[in-house]
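Open your viewer and get ready to click along. We will go stop by stop, selecting one thing at a time.

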Amino acid sequence: MPDERERQQGVVACVAYRDGRRVGEVTIADISEAIRVDGQFVWIGLREPVDALLRQLQEEFGLHDLAVEDALRAHQRPKLERYGESVFVVLRTVERGTEGRRVDFGETHLFLGPRYVISVRHGASSSYAGVRGRCEAAPALLAKGPAFVLYALMDFVVDQYFPVVDALEDELEALEEAIFGQAFSRETTARIYELKRDLVEVKRAVSPLVDVCNRLVRFDLDLVPEDVRLYFRDVYDHVVRLNEMVDVTRELLTTALEANLSLLSVSQNEATKRLAAWAAIIAVPTMIAGVYGMNFEAMPELKWRWGYPASVVVMLGVCSWLYVRFKRAGWL
Amino acid sequence: MPDERERQQGVVACVAYRDGRRVGEVTIADISEAIRVDGQFVWIGLREPVDALLRQLQEEFGLHDLAVEDALRAHQRPKLERYGESVFVVLRTVERGTEGRRVDFGETHLFLGPRYVISVRHGASSSYAGVRGRCEAAPALLAKGPAFVLYALMDFVVDQYFPVVDALEDELEALEEAIFGQAFSRETTARIYELKRDLVEVKRAVSPLVDVCNRLVRFDLDLVPEDVRLYFRDVYDHVVRLNEMVDVTRELLTTALEANLSLLSVSQNEATKRLAAWAAIIAVPTMIAGVYGMNFEAMPELKWRWGYPASVVVMLGVCSWLYVRFKRAGWL
Amino acid sequence: MPDERERQQGVVACVAYRDGRRVGEVTIADISEAIRVDGQFVWIGLREPVDALLRQLQEEFGLHDLAVEDALRAHQRPKLERYGESVFVVLRTVERGTEGRRVDFGETHLFLGPRYVISVRHGASSSYAGVRGRCEAAPALLAKGPAFVLYALMDFVVDQYFPVVDALEDELEALEEAIFGQAFSRETTARIYELKRDLVEVKRAVSPLVDVCNRLVRFDLDLVPEDVRLYFRDVYDHVVRLNEMVDVTRELLTTALEANLSLLSVSQNEATKRLAAWAAIIAVPTMIAGVYGMNFEAMPELKWRWGYPASVVVMLGVCSWLYVRFKRAGWL
Amino acid sequence: MPDERERQQGVVACVAYRDGRRVGEVTIADISEAIRVDGQFVWIGLREPVDALLRQLQEEFGLHDLAVEDALRAHQRPKLERYGESVFVVLRTVERGTEGRRVDFGETHLFLGPRYVISVRHGASSSYAGVRGRCEAAPALLAKGPAFVLYALMDFVVDQYFPVVDALEDELEALEEAIFGQAFSRETTARIYELKRDLVEVKRAVSPLVDVCNRLVRFDLDLVPEDVRLYFRDVYDHVVRLNEMVDVTRELLTTALEANLSLLSVSQNEATKRLAAWAAIIAVPTMIAGVYGMNFEAMPELKWRWGYPASVVVMLGVCSWLYVRFKRAGWL
Amino acid sequence: MPDERERQQGVVACVAYRDGRRVGEVTIADISEAIRVDGQFVWIGLREPVDALLRQLQEEFGLHDLAVEDALRAHQRPKLERYGESVFVVLRTVERGTEGRRVDFGETHLFLGPRYVISVRHGASSSYAGVRGRCEAAPALLAKGPAFVLYALMDFVVDQYFPVVDALEDELEALEEAIFGQAFSRETTARIYELKRDLVEVKRAVSPLVDVCNRLVRFDLDLVPEDVRLYFRDVYDHVVRLNEMVDVTRELLTTALEANLSLLSVSQNEATKRLAAWAAIIAVPTMIAGVYGMNFEAMPELKWRWGYPASVVVMLGVCSWLYVRFKRAGWL
């Protein structure tokens, strides 16, 4: 276990492994010694480390200046960069959002050399203790060296995306119901827009991983033994599937927005027709009443005994006739 | 025929073939022996097998862990992966939907080695008994080995898509009629959206197969003899055609949605104009009646004998004139 | 000339050529002999042949099973496939539509070997007699062998598309006039949609030819001599131009549809404003008349001698003033 | 100078050059001789030549049949084709339109061999006399041979596009003002559509040049010496910039069309609200007047002395109150 | 420091460096001498230089004519061009706009040879004095030669884009609030359009840099030592991120515009419904009043004592009932 000072600097764990088995905790100060042992490598987990710590490790392992600066600044896009025989990987991690936001992103930087793996977590991200545990439980695989640790971490990070994307798909379904049900409202459009924004964000985090995995599978990185590549192909597969899920959701969302607009037009159409129909139904008796409200002296109907009831009957008749016609035409 | 226990575990059939001819049923337990015979291979059909069975076969044939895990979990996207000299293929199968859904998807996983073909069916999918029958009826082709079985299965799976895509094309035609006919309704838009969703789903199942077939045709897989590649080119062709049919339907659907919106505007326009025209026709006599309903003492018209009929004639005249004008202008 | 039996089976012509010159008609039965002569090849023209005939030719020339099955089934997409040293080409032919349809498609399958060309026509398609005539009139070119015949047929098929695409461009122009002129109607939208559908169909028939020609120009097909490739480049050029014409028309059509929607909104706007303006002009005198129709005993205006004319003047004045204002504001 | 007969056939100029210096005018008849001189080449300028002339040159220089046919027919798309060691280039030339059209297109065909350049102009196109003059003024460059002439002509043709594209950008700006200013009208939509059409046309003429220049820069054409390639890179650059300008204008235009639609909706909204507001303001006093126009015997208000003024005050009060409310709500 | 004459010609600084350390100021006249010293190079900073100065430097360093002409004319798109062993780079610089414009662009041209770097600034652009200072402060890096200076300048230019793109993202957020808040107005659409235009402009300046950086990282330019390439990879990374930020903002903006249109329809819908509801509520009592305003002699209600109050009660009742119903239906 890292001592208190190290913990405060950001060290979560620092363990040496040989032949897939855990040799024991190492302090940062003893690392030089630990990695001099043949067939042994250290796996260091950091969380928002202080600058001094990263600089110390940089000296220890000869990390490249540009990589370390990236790790200090964060806000990188996912990428894999090769510096001589070592590799620097940036991943965006994801978590189900808190406080009304649906998605929270973090970042993990991984330094990988023949004798070390360093993971640096920033922002929203689950602990990697579980990954370490599962790796230690499979010594045969862990014996393949740092590349397998890289796989384990990437696999974990990528798998976190599935529940998030599932949640976005569920939201799309909920929106479909809101759109095609009657409950349309101003708020639906806002929700469509928010979903779109989340999808774009997830896409942005996931799509560069296609390229990263591809390079791990195909290119000739000495660090990655032949049989570990199959594992990265598995991650590649997951990433492609995530990408596809996001794209499909995005495309359907676009169609949903258009359908939405279409239905608004239908609804507008209906309202206009109803308005027109009722206006006509009321306007006609008003007009008739107006005529018999004229003050001409010579208006014989006014003197008839049944003039008034007749006029009311005519009014009701015209209204009923209009009502039926509009009903049949689908305007009411 | 597999015995009761095997059947319960998910075995549908397990047959050995030599030189394209059926040698006979084999139990899972006897497989090791069966595949030791020169020029002989087994074709095992499974349907939602229990985990133990798959694990047993994994040991028997040395299947890769990642492939077996995919087969256990299902919900993969279509792909072809090579593990040493064996190959793992994932296909999405399709069936005309039941209970109101138009399309039902299943999954088939295929393990292919020099001496075995294992097919694993999940979810909606037709039985492969027919495929087996047709293969056995053509010993010359079946003699080409497991690769030909792979072709036969893929060809069958792909051909299932044609009636489904045809049905989607028919639905598009029905929608066209609904849109351009008068029978427009709120439900049409919902149907457009559903068709879109089905198309996206089918596309998602079919389009990765372009790549899969391409690799079977072009890349140097020892498992696939030169003359079987021509057959995969045929499958490739079908997949490309399916893809194209889906794309064309999708593009037309988008245009249909836009045309729909356009027609709604036309319809809205017409309703507004009609409303305006009738409002004008009724408002004018109402206004005239209002004027002669005023109580001024000095209104000479009121005393005229023909005042009342004259006013009615004027009202009717104005209304007729308006009616004719609106009719000519196409507002009525 | 093919005898009656052959003609009934679907043979249109079957002629042997040597050094670019016509040697003479050959019956199907004599083909084996004809193609054994050095430097001689046969060009067989079929139209919707019976299955037996195709099977007979398959045996004669060793055509591949998959190619023959395609030719029997038709409904393929345009493609070029190589079987050993022979080639199978599928083309979609086009004709100006009859009976209200604008475009009719057919299919032509071409089998090409070192010593034979077989063309199989299905559906709407012009006769290839003219092509044969032109080829025979240019022995120097025809001497280049079956590849030149392939060129001549493809060139002919592709050239049939130009008048069809021209007609679609003309229809777009007619639609532009309908949209931007006043004569907008519900039918215009339907015509836009139909044009779109035709364009998509033509595109689907033409665009795979880009790839087919490309392969004939660039890849190393022994069947196509170096100097005939230049001719396929010419066909390639035409295909690219057709493609481009269709794409441009399609893009403009999309914009036209949007412009259409925009103009509908303008028109809706104008109708609403006019409705509002006339409603206001009529409502005001109606209101004034209403006021003087009230039955209060103490309404001094009612007793004035000039009350009535004054009120009418006020009504007319207000109406005129409103009319002028609306006119100026562009509402009327 | 070409003699009268040649001029009538379409010869504009035919000059021999050696070591970058003008040797002198040559008649078509003397060309054979002129190009036999070592280090000498002829540059022939034609304008809509008669067929016979082109056929004569074809024989003289051994031009390929397909190229000559293209040059006779015109209406080609821009392209570069290699025939053996000679090259055939098609360019679309442009001019500011006359008589209401904004853009006029022409075509120039260039035949290029080790010892000749032939330019053939069709339709709208500026004279190439200036290009010839500038080339002759730079003998060091002209000494690089026909390839430099090709550069000079292409550079000239491409530079003609800049003022045209600038004019289209200006039109977009004018449209922006029309859209976002108040002066919206039916004509604006038509102008948007026309601009779109012009952009599509220019794009169609320019974009194939990217490929043409690329081939001149990169591929191994013996005709183009290493140091002339840099010049084609310059043309390439201009073409890419033109392409980009057109694309940007096109994208903004699409957005402008959408913004247009959006603003029409806003305007429609405003009109509807105003209509509603005024309708309400007028309807209320009309209703009140209607009530006091009723003929009930027992209506005490009618007998009050201040009944009439009171009712008018109430009417005015309600109207004012409504007016203020609508004003505040932004409906008026 | 450059003397007064040089300063007037456009020289900002002209300094010689050896082994990463500053040797001292050099006048343009003494450059030939300065670059003859082994391991020494000069870094010349110009700002809108006069033509004569550039021509002088062209002679001094053997710059290519086409590059110098580009530098004189400006208005190039970003690019990298190689002339023999020297390189010419064009960058678009950006600054937060002044006077209402959000973004101001300038241009920087860089000539790079084994012994010189020349930077030429045009238009809006920050001074490069800071870059020079930072380079001089890191002699170990500056010792890598002109390529490192190129990196430092490109890095600086690219970093200027981040605040600009951030500002555009902020504007998008402000627009989102305007759209989804109630404060919608005609001006919002104009702002959407302007943001789009700015994004397109930035995209146009940034996206060609992807290619430029890629070539600096990957291609075999002798001028760029292996270890400096890592630095260009860093710039590449920033450029890709900028590109992505712009694309994401652009996509969201498009969706925002559509959402905007959708909300306008909602708002239109609401207005129409309200209008209809109020029209109905007022029309009904008007009609009733009209009926009792008729002048029939035999209208018993008119003589009833409670006729008038009863009719008013009926009117109020109907209005209340309508009001409640409309309220419940969400029309009011």
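How many salt bridges are there between chain D and chain C? Select both chains: the count is 7 salt bridges, where a salt bridge is a side-chain nitrogen of Lys or Arg within 4 Å of a carboxyl oxygen of Asp or Glu.

**Before you click further**

This is a predicted model, in which local features need pLDDT of at least 70 and side-chain atom pairs count only at pLDDT 80 or more, while totals for chains, interfaces and linings use all residues. Residues are numbered from 1 along each chain as its sequence is written, chains are lettered from A and ligands numbered from 1 in the order in which they are written, and side-chain values use heavy atoms, with hydrogens and water left out.

**Stop 1: colour by confidence**

Select chain A and colour it by pLDDT, the predictor's confidence in each residue, from 0 to 100. The mean for chain A is 88, and 98% of its residues reach 70 or more. Now find helix 7 (residues 146–159) of chain A, which has the highest mean pLDDT among the elements of that chain, 94, and then helix 1 (residues 4–9) of chain A, which has the lowest, 78. Helices (H or I, at least four residues) and strands (E, at least two) are DSSP runs, numbered from the N terminus. Where pLDDT is low, the predicted coordinates should not be read in detail. For the whole model, the scores are ipTM 0.82 and pTM 0.86.

**Stop 2: chain D against chain C**

Return to chains D and C. Here 50 residues of chain D are in contact with 49 residues of chain C, contact meaning heavy atoms within 4.5 Å. The area buried between the two is about 4,600 Å², and carbon and sulfur atoms give 60% of it; buried area is the accessible area (1.4 Å probe) that two parts lose on being put together, summed over both. Show Arg186(D), Tyr193(D) and Tyr308(D) as sticks: within chain D they lose the most area to chain C, together 19% of what that side buries.

Next, zoom in on Arg77(D) and Glu244(C). They form a salt bridge, with the closest N and O atoms 2.9 Å apart. Across this interface there are also 19 residue pairs in polar contact (both at pLDDT 80 or more). A polar contact is a pair of N or O atoms within 3.5 Å; within protein, one must be able to donate a hydrogen and the other to accept it, and residues adjacent in sequence count only if both atoms are side-chain atoms.

Which element of chain D gives the largest share of the side that touches chain C? Select helix 10 of chain D, which supplies 17 residues. That side divides into 22 nonpolar, 13 polar and 15 charged residues. In this sorting, Ala, Val, Leu, Ile, Met, Phe, Trp, Tyr, Cys and Pro count as nonpolar, Asp, Glu, Lys and Arg as charged, and the others, Gly among them, as polar.

**Stop 3: chain D against chain E**

Swing round to chain E. This time 49 residues of chain D are in contact with 49 residues of chain E. Highlight Arg233(D), Asn295(D) and Phe296(D), which lose the most area to chain E within chain D, together 13% of what that side buries. The rule finds 7 salt bridges across this interface; one to look at joins the side chains of Arg77(E) and Glu244(D) (2.9 Å, N to O). Helix 8 (161–180), helix 10 (226–292) and helix 11 (300–303) of chain D each give two or more residues to this side. Helix 10 of chain D gives the most, with 35 residues.

Only 18% of the interface residues of chain D are also interface residues in chain E, so the copies meet through different surfaces.

**Stop 4: look down the axis**

Chain D can be laid on chain E by a turn of 72° and a shift of 0.0 Å along the axis, with an RMSD of 0.0 Å (superposed by least squares on the C-alpha atoms of residues with pLDDT of at least 70 in both). The two copies are thus related as by a five-fold rotation axis. Select Gly293(D): its C-alpha is the one in chain D nearest the axis, 4.7 Å from it.

**Stop 5: inside chain D**

Finish with Arg22(D) and Glu136(D), whose side chains meet in a salt bridge (2.6 Å, N to O). Arg22(D) lies in strand 2 (residues 21–25) of chain D and Glu136(D) in helix 5 (residues 129–136) of chain D, so the pair ties together parts that are 114 residues apart in sequence.
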